[in-house]
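Visitor: I have a model open and want to learn how to read it. Where do we begin?

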Amino acid sequence: MGGKPKPLTDYMKMNFRKKEYFSRRGITLVELIISIFIFSIVLIGILTLSVSVMNSYHKASAAKMIKENAEYAFSLIAKDVRMGSIVSASVSEPGKELEVKRNRGGEVCYKFSDDNLKLSVCGSGCGSCSSDLIDLSGSFSHFSDNTGFYSKPTDADIAKDRGWAEINLNIVPDAGHEMEGDQINVQTIVSARDYGWEEL
């Protein structure tokens, strides 16, 4: 009734032909689109991560450079204050200028400028500024309100009261760039070693 069963080799040949057909057919357009979509998602994730890492590196480098420049500027100011006598007085609120009479002659003025975002070294009376120690222009940052110099002048009277200077540097990101960098705070206080004896 059912006839003679096919030999086992015939079934094997048919299965082999099916496998050979499916292995040669390639990929469909839908599979190609899905593959490109998955690859694009992975690539976008890698690029986003790379950009984020590079931005973080550049922000950290810029903040480090500003901080190093600030520390260098503070060391120059501290040297002049220690070896000279302080002329300017600003005890109750931070002043934007610090005048120091150098022991080797002449006066020097250190000046914070909120307009052009610089800390500069100027001549006597804070007139002509020769060089910039810190320059924030183009950095999406600015000096905060409490940036400046607190100072007490050297007193040459009988009390021989030596002066001191406190330097506060606070740099904050501009509005709209709060995530571009962190706030930088550098502070130091220096007392003059010149008691004003040479003026007696």
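Guide: With a ruler for helices. The expected span of a helix is 1.5 Å times one less than its number of residues. Keep in mind that this is a predicted model.

Visitor: What span should the 55 residues of H2 have, and how far apart are its end C-alpha atoms?

Guide: H2 should span 81 Å at 1.5 Å a residue. Its end C-alpha atoms are 81 Å apart, so the two values agree. H2 covers residues 29-83.

Visitor: Which residues of H2 are buried?

Guide: Buried means under 20% relative accessible area. In H2, the buried residues are Ile66, Ala70, Ala73, Phe74, Ile77, Ala78, Asp80 and Val81.

Visitor: What does H2 lie across?

Guide: H2 lies across E1, E3, E4 (107-113), E5 (118-122) and E6. The helix runs at about 135 degrees to E6.

Visitor: What is the order of the strands in the sheet?

Guide: Read across the sheet, not along the chain. The order is E1-E3-E4-E5-E6, in an open sheet of five strands with antiparallel pairing. The edge strands are E1 (85-86) and E6 (129-135), each pairing on one side only.

Visitor: How many bridges join E1 and E3?

Guide: Two bridges, in the antiparallel sense. Serine 85 stands opposite lysine 101 in E3, a strand of residues 97-101.

Visitor: Why is lysine 101 called partly exposed?

Guide: Partly exposed lies between the 20% and 50% cut-offs. Lysine 101 has a relative accessible area of 34%, so it is partly exposed. The C-alpha atoms of lysine 101 and threonine 154 are separated by 9.8 Å, though these residues are 53 residues apart along the chain.

Definitions and conventions: Residues are numbered from 1 along each chain as its sequence is written. This is a predicted model: local features need pLDDT of at least 70, side-chain atom pairs count only at pLDDT 80 or more; totals for chains, interfaces and linings use all residues. Side-chain values use heavy atoms; hydrogens and water are left out. Helices (H or I, at least four residues) and strands (E, at least two) are DSSP runs, numbered from the N terminus. Buried means under 20% relative accessible area, exposed over 50%, partly exposed in between (1.4 Å probe, protein chains only). Two strands pair if DSSP finds at least two bridges between them. Contact means heavy atoms within 4.5 Å. Axes are lines fitted to C-alpha atoms, for helices over the stretch in contact, and angles run from 0 to 180 degrees between N-to-C directions.
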